[in-house]
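Please follow the chain from its domains to the open spaces on its surface, with the structure at hand.

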Amino acid sequence: MSTTNDDRRKVTVPDLGRWKSQGRRMTMITAYDFTFARLVDLAGIDMILVGDSVGMVVQGTDNTLAVDLQEMAYHVRCVARARTKALVIGDLPFGSYQVSPEQAVHSSIELMKNGAQCVKLEGGVHMAETIAAITRVDIPVIGHIGLTPQSFHRMGGFRIQGRSEGMEAGGRERILEDAHAVEQAGACAVVLEGMPMELAKEITEKVSIPTIGIGAGIHCDGQVLVLHDVLGLCDSKYRFAKHYTDIRTPTIEATRSFIRDVQSGIFPDDEHTFH
Ligand code: KIV
């Protein structure tokens, strides 16, 4: 298996729409720093999302609400430096776009100046005007509907959405409406998170923009996972998040070996010493 993507060209925003019409499945993964971003880019990922999940997997918070724009700008900068081919998406954190479309445009510009090529924000019908305002200044936007982590308190936790009928937030018909609103506002793609696969399938068939699923089943145009889940770095395990490896155990083991070697006077040995 090849470990480089030298044969690939740089991924651009227009590729996403083209890939949907060709039926080419898209891949997105989160990364927050240079080292991991470089590795996932080398592996051939299409899109790197500098997600506000950084709050939970890097900063140790219970939800994503505390992450601020300057922190996101910093992580976008780290990831953008690592990019060779993947499209880098900057996540707009809670409080950086909900106040007004104007605030959202300012925040989006900030992430773009730090190296993002596209921004992502959460919300459907109520964010349509905001998405339109950002796209009007030629900043591509990815929507995010269904289980929107920034709505943690409204949802009463991270709960699967779209299981009930109706137009209330989180209702099935409302999520369909959200998808259409995001599409019509000019988003270039939409993340579908935490919803029944039947609903994600219907949205994917009905909207012209690519759907990128997480906990939304197989029928989406692409899939996204949080890197720390893929690598098995976290001790928590969500049903939708497949651990492709276990880096947690070897990390603990390697650290224990280092502690043992130092305490017993084995490290540094001659090989790791200057004369
Ligand atoms: O912040 C994030 O990592 C995300 C993905 C879960 C889609 O929004």
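The domain assignment, which is automatic or taken from a database, divides the protein chain into domain 1 (5-244) and domain 2 (246-275), and the centres of these two domains, taken over C-alpha atoms, are 39 Å apart. The model is predicted, so that local features need pLDDT of at least 70 and side-chain atom pairs count only at pLDDT 80 or more, while totals for chains, interfaces and linings use all residues. Residues are numbered from 1 along each chain as its sequence is written, and side-chain values use heavy atoms, with hydrogens and water left out.

The largest pocket (on a 1 Å grid over the protein atoms alone, an open set of points with protein on both sides within 12 Å along at least five of seven lines) holds about 1000 Å³ of space, a volume being the space filled by probe spheres of 1.4 Å set on the points. Its lining, meaning residues with an atom within 4 Å of a point, comprises 43 residues, and E193, I214, G215, Y238 and F240 lie nearest the centre. Two or more lining residues come from each of α3 (54-57), β6 (189-193), β7 (211-214) and β8 (222-225), these being DSSP runs of at least four residues for helices (H or I) and at least two for strands (E); β8 gives the most, with 3 residues. By class, this lining has 21 nonpolar, 12 polar and 10 charged residues, with Gly counted among the polar ones.

The second largest pocket holds about 380 Å³ and is lined by 21 residues, of which G123, G124, T148, S151 and R154 lie nearest its centre. Here β5 (141-146) and α8 (172-185) each supply at least two lining residues, and the classes are 7 nonpolar, 10 polar and 4 charged.
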